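I am opening a fresh notebook page for this one. Domains go down before the ligand site.

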Amino acid sequence: MSEAKALTVDELFAIDSLLQPEEREIQQTVRKFAAEHIRPHIADWFENATFPVKELAPEFGKLGLFGMHLEGYGCAGTSATAYGIACMEIEAADSGARSMISVQGSLAMTAIYKYGSEEQKQQWLPRMAAGEVLGCFGLTEPDFGSNPGGMRTRARRDGSDWVLSGSKMWITNGTVADVAIVWAQTDDKIRGFIVPTDSPGFQAHEMHKKLSLRASITAELSFDDIRLPEDAMLPDARGLAGPLGCLSEARFGIIFGSMGAARDCLQAAIEYAQTREVFDKPLAAYQLTQAKIADMAVELGKGQLLALHLGRLKDQDKLRPEQVSVGKLNNTREAIEIARTCRTILGANGITLEYPVLRHANNLESVLTYEGTAEVHQLVIGQALTGSSAFR
Ligand SMILES: Cc1cc2nc3c(=O)[nH]c(=O)nc-3n(C[C@H](O)[C@H](O)[C@H](O)COP(=O)(O)OP(=O)(O)OC[C@H]3O[C@@H](n4cnc5c(N)ncnc54)[C@H](O)[C@@H]3O)c2cc1C
């Protein structure tokens, strides 16, 4: 094998050279935080199907990760690209941690930020940004995932109050949240409601036996005639565009985050291949291994560049939903492919929690599915390019 010093995966594409100083600082700070507070414990959390949400939330809050690129209300007000970079660093540790941050900031807080009244924003956002109050986002139902417009959860008027009934499934942070953003049918289209989780009639049950995102809390919610005041409704969201506007924000974080998981896998696989000897020489010195590593590095670099391009568009307020779909489709699909290929390089060791690759691969099964499945994003892009909707 050549004695030449190996480049790191980061050095190959020199993506860092495209970052602003503030973005690089955030990258380093979040990377260090993840190395100290997530990585040492993540295998155990994954194995035990737990995540210390309550302990980590104030720490994430101090780092400014919740609603990071929102302005005011205690939010950090960084660029959207900086937020993406932070997602990449957190997800390099585990997709579960990034999911927790996405749900809090991009879904629950964004719903209030985009569609809430000034009073609602003042009441909830500063404490959510600090991680003192946790939120979840209830859109999916047992029979309505890709097609949330068919939801059965309903809010009806009773005098000036609302009465909410129905159920939601697959809700991240559902059992630990203090407040749920719940989307429901009304006589006037789908509307969003801010529902304190201690409201009489609110129940959350943790979902078990997951093989993916085990270090993340997932719950079923049920609403048994929950009585809510008139001002529980988000005034500026009407119809499916409301929740979709939030999903677009969460998808943006995933475009970056999934590349973090892929990067972590590739680094682990390269290190492993350099030290593992098969047939009397390092696995890294075989052409078949190098072909895998080269192809993965190329896809990783392309995905990171795509993320950065979309981040810059978002910072100029020019990012279109179809472009978010391009990023979500490509980067989650390539990330899971990279994770699985890395797993082959690690052989049997690859199936253990001693190494991150199968944990990431399993996590990415969820990341590929939530916030719009790969197929849904193909349909979005197909519709944009042909003018024909093929959803039905
Ligand atoms: C770990 C985890 C956490 C989650 N967290 C949340 C959360 O916090 N809040 C929340 O609201 N939801 C959450 N979800 C739910 C997630 O958003 C849904 O699972 C997702 O939208 C897909 O819905 P579904 O599982 O019902 O699949 P389905 O919609 O039943 O899809 C099944 C298959 O059919 C395909 N399909 C669907 N429509 C079409 C079509 N028109 N043409 C061709 N193929 C199609 C899909 O791509 C998929 O392959 C979470 C899911 C997971 C796994």
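**Entry 1: C-terminal annotation.** I looked up residues 238-385 in UniProt and found "domain: Acyl-CoA dehydrogenase/oxidase C-terminal", from an unreviewed entry. I am working on a predicted model here. Over residues 238-385 I get 77% helix and 3% strand. The end C-alpha atoms of that span are 27 Å apart.

**Entry 2: middle annotation.** For residues 136-225 the UniProt record gives "domain: Acyl-CoA oxidase/dehydrogenase middle", and the entry is again unreviewed. What are the helix and strand contents of residues 136-225? I read 0% helix and 54% strand. The end C-alpha atoms of this span lie 19 Å apart.

**Entry 3: N-terminal annotation.** UniProt places "domain: Acyl-CoA dehydrogenase/oxidase N-terminal" at residues 21-132, also in an unreviewed entry. I note 76% helix and 0% strand over residues 21-132. The end C-alpha atoms of the span are 29 Å apart.

**Entry 4: where the ligand sits.** I checked the pockets next. The ligand sits in the largest pocket. How many residues surround the ligand? I count 17, and the closest are T140, S146, W170, T373 and E375.

**Entry 5: polar contacts.** I went through the side chains for N and O atoms facing ligand oxygens. S146 has a side-chain N or O atom 2.6 Å from an oxygen atom of the ligand. For T373, a polar side-chain atom also comes to 2.6 Å from a ligand oxygen. For E375, the distance from a polar side-chain atom to an oxygen atom of the ligand is 2.7 Å. I then took the areas: the ligand alone exposes 980 Å², and the protein buries 68% of that.

**Entry 6: who builds the shell.** Which elements each supply at least two residues of the shell around the ligand? I find strand 3 (161-172), helix 11 (357-369) and helix 12 (374-386). Strand 3 gives the most, with 3 residues.

**Entry 7: shell by class.** I sorted the shell residues by type. The shell around the ligand holds 8 nonpolar, 7 polar and 2 charged residues.

**Entry 8: short recap.** I keep three things from this page. The ligand is in the largest pocket. The protein buries 68% of the 980 Å² that the ligand exposes when taken alone. Strand 3 is the top contributor to the shell around the ligand.

How values were computed: Residues numbered from 1 in each chain as written. Predicted model: local features only at pLDDT ≥ 70, side-chain atom pairs only at ≥ 80, totals over all residues. Heavy atoms only, no water. Near = heavy atom within 4 Å. Polar contact = N/O pair within 3.5 Å; in protein donor to acceptor, adjacent residues only side chain to side chain. Areas by Shrake-Rupley, 256 points an atom, 1.4 Å probe, with all protein chains shown as cover. 1 Å grid on protein atoms, 1.4 Å probe; cavity = no way out; pocket = protein on both sides within 12 Å on 5 of 7 lines; lining within 4 Å. Sits in = over half its atoms within 2 Å of the grid points. Helix = DSSP H or I, 4+ residues; strand = E, 2+ residues; numbered from the N terminus. Nonpolar A, V, L, I, M, F, W, Y, C, P; charged D, E, K, R; others polar. UniProt positions renumbered as here; feature names shortened; annotations may be inferred.
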